[in-house]
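Student: I'd like to learn how to read a model like this one. Could you walk me through it, feature by feature?

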Amino acid sequence: MAYQNIEEICSIAELASLFERSGSIREFLQTSVSVIAYHMRAAVCSIYLYDEQRQRLVLRANQGLESAMVGKIELRPGEGIVGTAFREMRTLRVARARESSYYKPVPGSGEERYEAFLAVPIMLGTERVGVLVVQDPQADYFTPNDARALKAIAAQLAGTMDNARLFMNMGREEILRAPASAARPVAPVIQGEVAVPGIASGRTFTPRKPYESLLAGYADADWPSRPEDFERALATTEQEIKKLQRELEEKASDVASMIFSAHLMILKDDAFSGAMRQLITAGMPPHKAIVEVINKYVRLFSGSTNPHLREKTQDVKDLGHRLLSSLRGADAQTHGYEDHLIVATDLLPSDIMRFAAQGAGGLILSGSGSTSHVAILARSLGLPTLLLDEAVVQRVPEDTPVILDANQGNLYISPSAEIMERYGELLAAQQEMRTGEEVPGGPVRTADGVEIRVMANINLISELQPSLRLGADGVGLYRSEFPFIVRNDFPPEEEQYRIYRKILSEMQGRDVLFRTLDIGGDKMLSYFPHVTEANPFLGLRAIRFSLHHKGIFSEQIRAMLRAGHGFELKIMFPLVSSVDDYLQAAGVVKECLETLRHEGIAHNAAPKLGVMVELPSAVGVIEELAREADFISIGTNDLVQYMLAVDRTNRLIRDMYQCSHPAILRAIRRIADAAARESTPLSLCGDAAADPVLIPFFVGAGLRTFSVAPYSVPMVRRAIQNLDSCPAREHAEKLLGMGRLEHVNAELSRFAAASGGVTPPSLQG
Ligand code: PEP
Ligand code: MG
């Protein structure tokens, strides 16, 4: 028995109070390991804390190993005894470490000298915080009682350790030492809902309240008072909005332009400007008439039970602001917003335009749904956007440096130099998409000359030009649902035709794979009455929705067929679960072709029809699908979700969402083989296509076309250029022979390291 008695262990619980007296987190952790090692009579004691961001267990304090290793040793969940205890959330008591299949000594740490190993996960509720470890040179040193004692210590310390972890991962230990007088402590990292992915850094800027503050800024007597002043303000406002709309159109945003048409419609509505006019004629000063009607509309919209209407409140406020500004004459913001992130509880679409035009880097907002016009506009403009609760937004300090990671949903307040540095590289990569040098397009070749195509996944028209600039060889996936999500109603056939035609024209003959509507699941249309489904991801989603609503489906197909006139046209169906699904969808296309011919409307009479393979059932009949369909695209985002039964949006089981699972790799190989046998063109368009660690496998398994987010195109092209297809094939064969995820990940790591020492992001967890 190593530890003396349980009372002593309980006294160790007093460690938490040591924290108060320690000068820093490091000092506290160091004291903790010394005291635990002493009481457990163990030669070595270590604390590993989990860095969620990087998905690594980091050695944060140690007694008995080489002291220089603190902060240096990093383990993946599942790696070694420590990583395994963490991943499996269980205590591992090992008599002879060397004989354990989990054992993986860290070179240079000196731990080869220690035989006995006891690792206990530190848990806070269901949250995994880290691992507490003791080691000793004497084999079989630790008893089951020791294990219970160490677990008790881990439980006692979990809360404090979790705080330590949070702050150490931030590299901001000093926050803990902040004076007690600090009025409203702000969490150094705030989590929110991602509305527009991306990364931005800068200082926070909180804009003034819109039209109310403008009103408050002037005495009644200072406002122009004649009816003609109002008419002038009305005309100016209309011109301004039209200008905004034109600017947005130039930026080729298919969805954002509609936002301003809604503005114009409200402005022209007699019940709106007409009501203002009536009040003015009855003797009310114009500024008061404007506010009166605006307030009425704000009440009307904000009180609506329809969320889409509620979102219109912002448009009305925006109009109020513009009308009052125009009435006053010049009242424009004069300073730019370069290096600023806008923090607001109620931001107007035109504010976003103004901020974006003047260089703002991102948005931190409340009061908007992620499908609201504000969010969509931000997306079109490439502004990373995070949505927070209103109370949280109000606590974000003004004029403070922050990093907005709207990929992970984190906002870092006053980040440390370490965090800034970590994000510097990511920011540079993102910048490449916006301003980077032109990457020549066309097929790319592996080092030994195998031709590969890298295409772009496009959500908005505004992404077309950047993807061409970044070397995309066409559009491998156009997610057609975005124009549907932004509107109040289904976009008419004409509107869809305009969008699809524009995509084909801008791609100048390059391949474009249109995907038909993929809504349902987590993508809902606010204007469409939908039944509540217990499992929306298993419900009326994607092609099922389209086949269920043939009218909507036919309109989309007609728009695509018409847009494809004079171009090569490719249409694919999402979430196909059987050959029958595919044939039904193809049947609708056939019907549309017949009606268009009958109506004498110009269209593409020979579209190629494809299947997205995203379901295990589609893999099960892939041979038949490859025979029937003109082309196939693998959607790994959903394929992984459905094959592994891991919800892609569920953070709790993020670790389990692994494209490198042997079942997925084998499914991909089966699809590639079936496509090759039938000479059916095949591409891969899920996010995994942009994972540098998996690309050698994909190439080795026979994939020759990839479609990735535009900003990933240059990286994927480089990864392919550096790859030799022969070793990639051997690597793929090796992987396909492995039945265990752990072995697959080890082989992926080995291959990645051998071909340039990449840290494999796909394996971080
Ligand atoms: C996929 O599932 O891999 C895919 C590309 O489609 P989405 O991400 O739009 O579901
Ligand atoms: Mg999908």
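Student: What share of the chain's residues count as buried?

Tutor: Buried means under 20% relative accessible area, with exposed over 50% and partly exposed in between (1.4 Å probe, protein chains only). Here 55% of the 765 residues of the chain fall in that class. Bear in mind that this is a predicted model, where local features need pLDDT of at least 70 and side-chain atom pairs count only at pLDDT 80 or more, while totals for chains, interfaces and linings use all residues. Residues are numbered from 1 along each chain as written, chains are lettered from A and ligands numbered from 1 in the order written, and side-chain values use heavy atoms, with hydrogens and water left out.

Student: How many helices and strands are there?

Tutor: Both are DSSP runs numbered from the N terminus: helices are H or I with at least four residues, strands are E with at least two. The chain has 29 helices and 23 strands.

Student: Which residues coordinate the magnesium ion?

Tutor: Donors are N, O and S atoms within 2.8 Å of the metal (3.2 Å for Na, K and Ca); water is not among the atoms, so sites may look incomplete. For the magnesium ion, ligand 2, the donors come from Glu614 (OE) and Asp638 (OD), at 2.0 Å. Glu614 sits in the loop between β20 (608-613) and α22 (616-620), and Asp638 in helix α24 (residues 636-644), so the pair links parts 24 residues apart in sequence. Glu614 and Asp638 are buried.

Student: What surrounds ligand 1?

Tutor: A residue is near a molecule if one of its heavy atoms lies within 4 Å of it. That gives 14 residues around ligand 1, with Arg479, Glu614, Gly635, Asn637 and Arg648 the closest. α24 supplies the largest share of this shell, three residues.

Student: And where are the polar contacts of ligand 1?

Tutor: A polar contact is a pair of N or O atoms within 3.5 Å; within protein, one must be able to donate a hydrogen and the other to accept it, and residues adjacent in sequence count only if both atoms are side-chain atoms. A side-chain N or O atom of Glu614 is 2.8 Å from a ligand 1 oxygen. On the backbone, a polar atom of Asp638 is 3.0 Å from an oxygen of ligand 1. Accessible areas use the Shrake-Rupley method with a 1.4 Å probe; for residues, only the protein chains shown count as cover. Ligand 1 taken alone exposes 290 Å², and the protein buries 98% of that.
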